[in-house]
Amino acid sequence: MDNFRFKKRYGQNFLKNQDIIEQITNSISPTPKDLIVEIGPGGGAITRKLKKYDSRLVAIEIDEETKPLLNPLEDEKTSIKYADFLEIDLNKFLNDYSYEKLYMIGNLPYYITTPIIEHIIDSRIPLESLTIMVQKEVADRFLAIPGTKEYGYMTVLLNYHFDIKKITDVSKKDFEPMPKVDSTVIKLIKKEEQDIDYDRFKQFLKDSFKFKRKTLNNNLKAYNREKIQKVLEDNGFSLSNRAEEIDLKTFIDIIKNG
Ligand code: SAM
């Protein structure tokens, strides 16, 4: 690592705490028949530990200057692909592999946390789980419960797709170079798809949370509010509540019946 020039533009803060690396890699239990996709392997700290599973392992890294660090990790079950993860057509990419379960793991720059998660969701790939390092405040938002100020559009959307589990908090001191903020590793475990009009659900969530301080009555003027009011009342709410007070089940009920 001595001669490596860390690049800010790629959010390169490499993990150096072995205990945290263990906790990340131990968050999954794949078999040799499964596929692990690592996003942003960097110096290979996580990659190296993932090899213990003897699963097919593909790591996707944007920075070709990491080649001297990553290429020695390649073997018949481990390969490195140099590409921007956000530009990859994931369904096409996965067609090249046969596997039972798919696990994803990534310690990525924080500015692409949401685009990465949305890319994975929108690709509708057959995912078991995604273990990801996020800024601590972002984890608080993802794990928030209704009625708190952290609870928002992404909380509901993510909880629709995943069970969210906190793996561990990570101090900024556990990285080289040291970033400005602390982090949290979370595991997103894929839930069954529900039989709803997903695009409508997403749009409805966006509209409900459009002006966070406003009530649903104000944010949902373009909708049939009588029907929505009925479903809200059945769930113990009303149009005078704000979106941040409404739980996932109620949002789903509205899309099914409202
Ligand atoms: N996983 C390593 C670790 O834990 O030490 C490196 C983590 S570092 C925070 C993020 C890594 O993601 C960097 O190696 C960076 O070059 C890579 N990266 C940034 N943007 C990327 C993208 N769009 N696609 C793939 N890799 C990316």
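**Helix α1, the ligand site and some backbone oddities**

D54 is partly exposed, with 42% relative accessible area. That's one stop on a quick tour of this predicted model, which also takes in helix α1, the ligand and a few backbone spots.

**Backbone spots to look at**

- Start with D54 again: its phi sits near 60°, a positive value in a residue other than glycine.
- You'll find D54 in the loop that runs between α2 and β3 (56-61).
- R124 also has a positive phi, about 50°, although it isn't a glycine.
- R124 belongs to the loop between α5 (113-123) and β6.
- With a relative accessibility of 47%, R124 counts as partly exposed, because the class runs between the 20% cut-off for buried and the 50% cut-off for exposed.
- There's a cis peptide bond too, going from E176 to P177, with omega near -10°.
- P177 is in the loop between β8 (175-176) and β9.

**Helix α1**

- Helix α1 spans residues 18-25, and its buried residues are I20, I21, I24 and T25.
- Those four cover an arc of only 130° around the axis, which puts them on the same side of α1.
- The general rule behind such patterns is that an α-helix has 3.6 residues a turn, so residues three or four places apart point the same way.
- What packs over the buried residues of α1? The cover includes the strands β1 (14-15), β5 (102-107), β6 (129-135), β7 (162-170) and β9 (183-190), along with helix α2 (45-50).
- At the N-terminal end, α1 is capped by N17, which places a side-chain oxygen 2.8 Å from the backbone nitrogen of D19.

**The ligand**

- There are 21 residues around the ligand, and the ones that come nearest are L15, G40, E61, D84 and N107.
- L15 takes part through its backbone: one of its polar backbone atoms is 2.8 Å from an oxygen atom of the ligand.
- N107 uses its side chain instead, with an N or O atom there 2.7 Å from a ligand oxygen.
- P41 offers a polar backbone atom as well, and this one is 3.5 Å from a nitrogen atom of the ligand.
- How much of the ligand does the protein bury? Taken alone the ligand exposes 590 Å², and the protein buries 98% of that.

Technical notes. Residues numbered from 1 in each chain as written. Predicted model: local features only at pLDDT ≥ 70, side-chain atom pairs only at ≥ 80, totals over all residues. Heavy atoms only, no water. Buried < 20%, exposed > 50% of the residue type's maximum accessible area, 1.4 Å probe, protein only. Helix = DSSP H or I, 4+ residues; strand = E, 2+ residues; numbered from the N terminus. Arc of directions from axis to C-beta. Contact = heavy atoms within 4.5 Å. Polar contact = N/O pair within 3.5 Å; in protein donor to acceptor, adjacent residues only side chain to side chain. Near = heavy atom within 4 Å. Areas by Shrake-Rupley, 256 points an atom, 1.4 Å probe, with all protein chains shown as cover.
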